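Could you walk me through how to read a few features of a protein model? I would like the general idea each time, and then the case at hand.

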Amino acid sequence: MPTPHVVVVGGGFAGTACACALADRGLRVTLLERREALGGRAWSFPDPEFGAELDNGQHLVIGAYRQTLALLERLGTRSGIVLQDRLAVPLCDLRSGAHILVSARGVRGLPWREQAGLFRVLLALRGLGPQPDDSMSVADWLDRCRQSRRACELLWEPLAVATLNQEPRVASSALLAAVLKSALADRAAGARLGAARIGLSQLLAGVGPYLAQRGGTLRTESPVSRLLYADDRAAGVLVRGAEELRAHAVVLAVPPRALAALVPAFSELPARLGSSAIVSIHLGFDRPLAGVWLLGLVGSPIHWVFRVPSDPSRLCLVSSAADALAERDPDALVALALSELERALPLGGARLRAARVIKEHEATISHAVGTLARRPDVDSEVAGLFLAGDYTSTGLPATLEGAVQSGLRAAALSSAFARLRPPGAARGRSRAESAPRSAP
């Protein structure tokens with residue numbers, strides 16, 4: 001019996017995790033990516049002005065991202081992630097000058113009465129208080145947990161915006177609770193923060209050799225224009241508008257808008273899920289900058305300042321839930337970033353030598369109240385067609401870990417389906433649901 005063949009469309013973290021897991025299961029895998037670079041919505045590119053590889057946005061990793069770190073270990077790029085020895089997140093309130101340090105030992109900078117009140121949230125996460133759910137906003141849940149206004153402004157709200165890319169009055173408390181439970185599951189180790197010291201695309205550079213060693217193939221610059229069918233089952237894809245690539249199962253590891261372009265049955269999915277923007281402002285200076293590698297800003301349109309691990313003269317400033325900010329002119333955003341920096345950090349006379357603004361208008365799906373029920377399952381209603389991506393029903397926000405977990409589940413389901421199909425079942429009369437359309 002010939003080895004079952006599965007086509008995975010999309011070389012982001014979800015598609016890469018899926019392809020590697022399928023290859024580990026002994027299936028023949030073809031991984032298709034429309035661009036030259038891997039990474040999907042977490043990718044990097046060379047920038048001549050900076051003379052370095054820039055990420056499309058700063059992506060944090062936490063110690064609880066076990067499946068993401070395990071994937072990088074398999075690909076030989078785990079050393080490209082730097083994790084803190086222990087959790088330490090400094091926050092600066094630009095309105096009052098107050099400083100807070102969130103660490104494994106607690107929250108320094110809040111009065112003791114308010115620090116004690118934080119335990120009401122931890123008790124609720126253990127089922128001993130108001131329970132978060134997808135019908136309740138983060139703001140409402142925190143209010144039921146009797147969190148002070150100051151604790152919300154200086155701790156919970158920055159955390160919610162950073163992890164959910166949504167304002168607390170809109171965001172689902174169930175998703176914030178999922179993040180907190182994941183980070184706390186492994187005690188202090190799970191909450192440690194980390195970032196890539198190499199380009200995000202470089203983190204996935206080992207996938208080609210990994211698949212090749214197991215009989216699989218990675219093909220970049222291979223846009224898929226159509227899903228092929230045989231006997232009402234997904235039976236392959238049309239590549240570059242002409243090449244029919246047959247398979248026993250297909251995994252579409254592409255964003256919602258690209259999925260809607262390929263499968264008309266999902267045409268309304270982007271509108272159902274919604275989206276939220278992230279703006280990243282890369283700044284390069286003429287000298288290294290002193291200070292911590294991560295600083296949260298409270299009372300500012302800029303939420304986080306990251307010092308690039310590989311180059312202390314470069315900073316990346318990030319604003320989440322940034323739909324309004326994303327409409328502003330890039331020059332105005334650079335000026336805003338510099339103004340906020342001067343309020344928060346001593347620049348020591350450092351001069352700006354390069355700047356780049358990156359606007360991801362659909363950086364994540366919306367994590368608003370009620371969106372959990374609208375997220376699609378990995379196992380689609382089309383036989384032989386499986387989905388992978390951070391927007392699927394993982395129970396987590398749209399994160400790297402959610403993407404990887406969805407890819408692993410898609411691999412398990414598509415593998416089982418492909419093995420059950422008789423040899424040659426993927427051959428036969430093909431049809432398309434619509435005229436060829438290139439996935440965006």
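The dialogue below takes up a strand, a small sheet, the nonpolar core and a pocket in this predicted model.

Q: Let's begin with a strand. How many residues of strand β16 are buried?

A: A helpful general idea is that side chains in a regular strand alternate between the two faces of the sheet. Now look at β16, residues 276–285: 10 of the 10 residues are buried, so the strand is largely enclosed by the rest of the structure. Both of its faces are covered. On one side you find S276, I278, S280, H282 and G284, and on the other A277, V279, I281, L283 and F285, all of them buried.

Q: Which strands does β16 pair with?

A: Strand β20 (residues 352–364) runs antiparallel to β16 and is joined to it by 9 bridges. To find your place there, look for I281, which stands opposite V357 in β20. Strand β19 (residues 314–319) also pairs with β16 in the antiparallel sense, over 6 bridges. In that pairing, H282 stands opposite C316 of β19.

Q: Now a small sheet. What is the order of the strands in the open sheet that holds β5?

A: The order is β5-β10-β6, 3 strands with antiparallel pairing. β5 (61–62) and β6 (81–83) are at the edges with a single partner strand each, so one side of each has no neighbour in the sheet. Between β5 and β10 (residues 193–196) there are 2 bridges, and I62 stands opposite L193 in β10.

Q: Which residues touch the most other members of the largest nonpolar core?

A: They are V8, F13, W141 and W156, in a core of 85 residues. Helix α1 (residues 13–24) gives the most to this core, with 9 residues. Try V8 as a starting point: leaving aside neighbours within four places in sequence, its contacts include G15, C18, A19 and L22, as well as V29, L31, V251 and A253.

Q: And pockets? Where does the lining of the second largest pocket come from?

A: The general idea is that rolling a probe the size of a water molecule over the atoms shows where empty space is left. Here, the second largest pocket has a volume of about 300 Å³. The elements giving two or more residues to its lining are α5 (149–164) and β17 (294–298), and α5 gives the most, with 4 residues.

Q: Which lining residues lie nearest the centre of that pocket?

A: Of the 17 lining residues, those are E153, E157, P158, V161 and H303. By character, the lining divides into 8 nonpolar, 4 polar and 5 charged residues.

Key. Residues are numbered from 1 along each chain as its sequence is written. This is a predicted model: local features need pLDDT of at least 70, side-chain atom pairs count only at pLDDT 80 or more; totals for chains, interfaces and linings use all residues. Side-chain values use heavy atoms; hydrogens and water are left out. A nonpolar core is a set of buried Ala, Val, Leu, Ile, Met, Phe, Trp, Tyr and Cys residues joined through side-chain atoms within 4.5 Å. Buried means under 20% relative accessible area, exposed over 50%, partly exposed in between (1.4 Å probe, protein chains only). Contact means heavy atoms within 4.5 Å. On a 1 Å grid over the protein atoms alone, a cavity is a set of points where a 1.4 Å probe fits but cannot get out, and a pocket is an open set with protein on both sides within 12 Å along at least five of seven lines; lining residues have an atom within 4 Å of a point. Grid points are joined across faces, edges and corners, and a volume is the space filled by probe spheres set on the points. Ala, Val, Leu, Ile, Met, Phe, Trp, Tyr, Cys and Pro count as nonpolar, Asp, Glu, Lys and Arg as charged, and the others, Gly among them, as polar. Two strands pair if DSSP finds at least two bridges between them.
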